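I am opening a notebook on a structure that is new to me, and I will write down what I look up as I go.

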Number of protein chains: 2
Amino acid sequence: MPECEVLRLGHRPERDKRITTHVALTARAFGATKIHINRSDSRIVETVSDVSEKFGGNFVIETVSNPKAFVQSWEGLILHLTMFGVPFGKRLGTIIKSKEPLLIIVGAEKVPPWVFEHSDYNVAVGNQPHSEVSALAILLSNINPEGYNQTFEGGLLEVIPSSERRNMISKK
Amino acid sequence: MPECEVLRLGHRPERDKRITTHVALTARAFGATKIHINRSDSRIVETVSDVSEKFGGNFVIETVSNPKAFVQSWEGLILHLTMFGVPFGKRLGTIIKSKEPLLIIVGAEKVPPWVFEHSDYNVAVGNQPHSEVSALAILLSNINPEGYNQTFEGGLLEVIPSSERRNMISKK
């Protein structure tokens, strides 16, 4: 599978703080290596860095001041997740076989037209309105089945799966 | 597959408004028939009803004043989605074959112990922290593969999937 990074567009700190956090944590848990956010938001950086410190791995979160220039300079495939796109399944084979890094763009509300124009693929997880968090999870789990079961090295905490209760151990 | 309903626990109107909306829209788009929310929040009811009016279907959103009593009186299987649970794949076969209605519980932050105790299954989509929105999408799409491609009757708008642009038509 290709290396995957996520670009979160249209983030508005007051309105989108928690959704963008869920997008970032989903990106991390489902196997993406980095998220780029179009506006700096220290609370999200803090939450995501805190999760990485506690649960391990090398997930990176960073701010891009000019997302259009960033997209234009991306060396690899660009996929835009949108409810207006074609079914993602139609592009999945090509994406999985690709050796180029994949940039996945998820917007908040309406994205500017250049996003459609500069993306190699404008694809949908169904054409009903739902959530960029859901769409990202479904896409990443199709690119990397059970990627959400990967292990992360170097964390402080580990969940011990239980059918009965919360159980977490300290690793250090 | 069983009929699925979702119970959103621990909703705090100020903090969780948008996440709970995404949980509700994911439930609808991925094939659940109803969401129950533990606190009344007219803005969420309005957003979700508005989506149903525009995009069709019979999805129901309602408030339960006593979630514990509601869970205790549920006639069917109860599944609690939690990062502390066992891998959901271990219970998937039983759930898909079941003819009883399935109640899926998703909490915001920490849930009270009775949720673990009253659930038939406490299951996880991976044991990393990510999002109840992602977890619900993955679970529902495993119970009902490509349920997100279902059609909804009676809406006013329909997306025409495009690889190039936003395209939506009015049906009335």
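Before turning to how a helix lies on its strands, I note that axes are lines fitted to C-alpha atoms, for helices over the stretch in contact, and that angles run from 0 to 180 degrees between N-to-C directions. I also keep in mind that this is a predicted model.

**Entry: the sheet of chain A.** I looked up the strand order and found that 6 strands of chain A form an open sheet in the order β3-β2-β1-β5-β4-β6, with parallel pairing. Because β3 (60-63) and β6 (121-124) of chain A stand at the edges with a single partner strand each, one side of each is left without a neighbour in the sheet. Neighbouring strands of this sheet are turned against each other by 30° on average, with direction ignored.

I then followed one pairing, in which strand β1 (residues 4-9) of chain A is joined by 4 bridges to strand β2 (residues 34-37) of chain A, the two running parallel. For A:Glu5, the bridge partner in β2(A) is A:Lys34.

Helix α4 (residues 89-97) of chain A lies across β4 (77-87), β5 (102-107) and β6 of chain A, and I noted that this helix runs at about 170° to β4(A).

**Entry: strand β5 of chain B.** I found strand β5 (residues 102-107) of chain B mostly covered, since 5 of its 6 residues are buried. Strand β1 (residues 4-9) of chain B runs parallel to β5(B) and is joined to it by 6 bridges, and in β5(B) the bridge partner of B:Arg8 is B:Val106. β4(B) also runs parallel to β5(B), with 5 bridges between them, and there B:His80 stands opposite B:Ile105. I traced the connection as well: β4(B), helix α4 (residues 89-97) of chain B and β5(B) make a right-handed β-α-β unit.

**Entry: where the chains meet.** How many residues does the contact take from each chain? I read 39 residues from chain B and 39 residues from chain A. On chain B, the elements that each supply at least two residues to the side touching chain A are α1 (13-29), α2 (42-55), β4 (77-87), β6 (121-124) and α6 (132-143), and α1(B) gives the most, with 6 residues. By class, this side of chain B has 20 nonpolar, 15 polar and 4 charged residues.

**Entry: helix α6 of chain B.** I checked its length: at 1.5 Å a residue the 12 residues of α6(B) should span 16 Å, and the end C-alpha atoms are 16 Å apart, which agrees. Since 11 of these 12 residues are buried, α6(B) is largely enclosed by the rest of the structure; the buried residues include B:Glu132, B:Leu136 and B:Ile143.

Technical notes: Residues numbered from 1 in each chain as written. Chains lettered and ligands numbered in written order. Predicted model: local features only at pLDDT ≥ 70, side-chain atom pairs only at ≥ 80, totals over all residues. Contact = placed C-beta atoms within 7 Å. Nonpolar A, V, L, I, M, F, W, Y, C, P; charged D, E, K, R; others polar. Expected span 1.5 Å × (residues − 1). Buried ≥ 20, exposed ≤ 12 C-beta atoms within 10 Å, placed from the backbone. Pairing = 2+ DSSP bridges. Right-handed = clockwise from strand over helix to strand, strands pointing away.
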